[in-house]
Amino acid sequence: MTRPFTGWHMTMILVVFFGIVIVVNLIMARYAIDTFGGTVVDNSYVASQNYNRWLAEADTQAKLGWSPKVSLDPARRVKLVVLKGGAPITNIAAAGVAIHPLGRAPSIPLTFISSSNGGLLANQALPAGRWRVQLSLRKGADILKLDQPVQ
């Protein structure tokens with residue numbers, strides 16, 4: 001003997017279905033709040049006023065012909081080699097900062113020393129994890145700014 005499908009059964013199906021939807025939404029909202037590192041810019045209108053200047057700076061940097069290669073050595077220090085025409089450029093001054101992409105760890109200022117291969121090596125080691133390295137490279141009047149992830 002089969003029982004008839006009643007309004008009570010339909011009510012239970014709806015309660016369970018929407019209960020699952022609500023629980024999943026709460027879990028996803030919690031993950032979104034825990035992983036959000038903040039805004040990229042505080043005011044997009046003000047940032048847009050600098051757009052043409054940023055394009056001009058990028059064009060100037062591209063005309064330098066520099067090819068920076070950023071990596072980490074086994075001790076997790078930032079290693080930097082800047083090539084132009086396949087040869088390393090020497091006597092470059094570099095300074096920068098390592099920023100955790102989600103802002104969970106404090107930023108680490110970076111200073112560099114010359115290494116034996118014509119590149120630069122940071123004095124500071126980075127903790128494990130993902131980092132964004134923002135560098136300013138200068139040789140004479142030429143300046144190259146770079147923002148690159150390292151891991």
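Okay, Asp 147: at 41% relative accessibility, that residue counts as partly exposed. Keep in mind that this is a predicted model. What does Asp 147 pair with? Its salt-bridge partner is Arg 132, and the closest N and O atoms are 3.0 Å apart. Asp 147 sits in strand β8, residues 142–150, while Arg 132 belongs to strand β7, residues 131–139, so this contact ties together parts that are 15 residues apart in sequence. Arg 132, by the way, is partly exposed too, at 31%.

A search of the whole structure gives five salt bridges, and two that I want to show you are in helix α3. Glu 57 bridges to Arg 53, with 2.9 Å between the closest N and O atoms. They're four residues apart in that helix, residues 51–64, which means about one helical turn separates them. Glu 57 is partly exposed at 34%, and Arg 53 likewise at 42%.

Then there's Lys 63 with Asp 59, at 3.4 Å for the closest N and O atoms. Again we have four residues, about one turn of helix α3. Lys 63 is exposed, at 66%, whereas Asp 59 is partly exposed at 41%.

Now, away from the charges. Which residues make the one aromatic pair? Phe 17 and Phe 18, edge-to-face, 5.0 Å centre to centre with 80° between the planes. Both rings belong to residues that count as partly exposed: Phe 17 at 48%, Phe 18 at 46%.

Those two also help make a nonpolar surface patch of about 880 Å², along with others including Met 10, Leu 14 and Leu 26. Leu 14 lies in helix α1, residues 7–35, and is partly exposed at 40%.

Terms used. Residues are numbered from 1 along each chain as its sequence is written. This is a predicted model: local features need pLDDT of at least 70, side-chain atom pairs count only at pLDDT 80 or more; totals for chains, interfaces and linings use all residues. Side-chain values use heavy atoms; hydrogens and water are left out. Rings of Phe, Tyr and Trp (its six-membered ring) pair if their centres lie within 6.5 Å; planes under 30 degrees apart count as stacked, over 60 as edge-to-face and the rest as tilted. Buried means under 20% relative accessible area, exposed over 50%, partly exposed in between (1.4 Å probe, protein chains only). Patches are made of residues with over 30% relative accessible area and no salt bridge: like charges are joined within 9 Å, nonpolar side chains (Val, Leu, Ile, Met, Phe, Trp, Tyr) within 5 Å. Accessible areas come from the Shrake-Rupley method with a 1.4 Å probe; for residues, only the protein chains shown count as cover. A salt bridge is a side-chain nitrogen of Lys or Arg within 4 Å of a carboxyl oxygen of Asp or Glu. Helices (H or I, at least four residues) and strands (E, at least two) are DSSP runs, numbered from the N terminus.
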